[in-house]
Amino acid sequence: LWAPLLLIVEIPLIVGVVLLGSALNVFARDIRLAVPFLVQFWLFLTPVLYPLQLAPADVRPFFLANPMTGIVESFRGALVFGEAPDLGLLWPSLAGAVLVLVIGSWYFGAVERRFSDVI
């Protein structure tokens, strides 16, 4: 039951990242070569294969700065343990998702007029 509601938080984050990345890719073609590295790096900065509680306490704030952390932890709690999402983890993720969506939309809109000249 929580999975569709958690997608409402995840989709703006992904759309923002895609808008920003695709606009950057038009002007810097090497971005496409860096995407696999950046996705793998982002995977290691997100507690996907391990719960957040296993991360050392001194590096946990870095994990919490990642907007995907709250989403992944909430999905894990909902799908594996049947628990309601922890709003303390989810609110920063929602704020980060909205911020990334706003920045990605703004940048895409600002440079969209030049796409046809470059491509």
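**A colleague's note on the pockets and helices**

1. Let's begin with the runner-up: the second largest pocket has a volume of about 170 Å³. Please keep in mind throughout that this is a predicted model.

2. Who lines this second largest pocket? The residues are Gln53, Glu73, Ser74, Arg76, Gly77, Ala78, Phe81, Glu83, Ala84, Pro85, Asp86 and Leu89. Helix 4, which covers residues 67-79, provides the largest share of that lining, with five residues. In chemical character, the lining of the second largest pocket is mixed: five residues are nonpolar, three are polar and four are charged.

3. Now to the largest pocket, which holds about 430 Å³ of space. Its lining has 14 residues, and those nearest the centre are Val17, Leu20, Gly21, Leu38 and Trp42. Helix 1 (2-27), helix 2 (31-44) and helix 5 (87-111) are the elements that each give two or more residues to this lining. Of these, helix 1 gives the largest share, six residues.

4. How many charged residues sit in the lining of the largest pocket? There are none: the lining divides into 11 nonpolar and three polar residues. The second largest pocket, by contrast, has four charged residues in its lining.

5. Stepping back to the overall fold, you will find six helices and zero strands in the protein. Along the sequence this reads as α-α-α-α-α-α. The C-alpha atoms fill a box of roughly 50 × 25 × 20 Å, taken along the principal axes.

6. Helix 5 deserves a look of its own. Its 25 residues should span 36 Å at 1.5 Å a residue, and its end C-alpha atoms are 36 Å apart, so the expected and modelled spans agree.

7. Which residues of helix 5 are buried? They are Leu89, Leu90, Ser93, Gly96, Ala97, Gly104 and Val111. These buried residues pack against helix 1, helix 3 (60-64), helix 4 and helix 6 (115-118). Leu89 is worth noting, as this buried residue of helix 5 also appears in the lining of the second largest pocket.

8. A few totals may help when you look over the whole chain. Of the 119 residues in the protein, 29% are buried. Among contacts with a separation of 6 or more, 67% join residues 24 or more positions apart. The accessible surface comes to about 7,800 Å², and carbon and sulfur atoms account for 74% of that area.

Terms used:
Residues numbered from 1 in each chain as written. Predicted model: local features only at pLDDT ≥ 70, side-chain atom pairs only at ≥ 80, totals over all residues. Heavy atoms only, no water. 1 Å grid on protein atoms, 1.4 Å probe; cavity = no way out; pocket = protein on both sides within 12 Å on 5 of 7 lines; lining within 4 Å. Points joined across faces, edges and corners; volume = space filled by probe spheres on them. Helix = DSSP H or I, 4+ residues; strand = E, 2+ residues; numbered from the N terminus. Nonpolar A, V, L, I, M, F, W, Y, C, P; charged D, E, K, R; others polar. Buried < 20%, exposed > 50% of the residue type's maximum accessible area, 1.4 Å probe, protein only. Contact = heavy atoms within 4.5 Å. Areas by Shrake-Rupley, 256 points an atom, 1.4 Å probe, with all protein chains shown as cover. Expected span 1.5 Å × (residues − 1).
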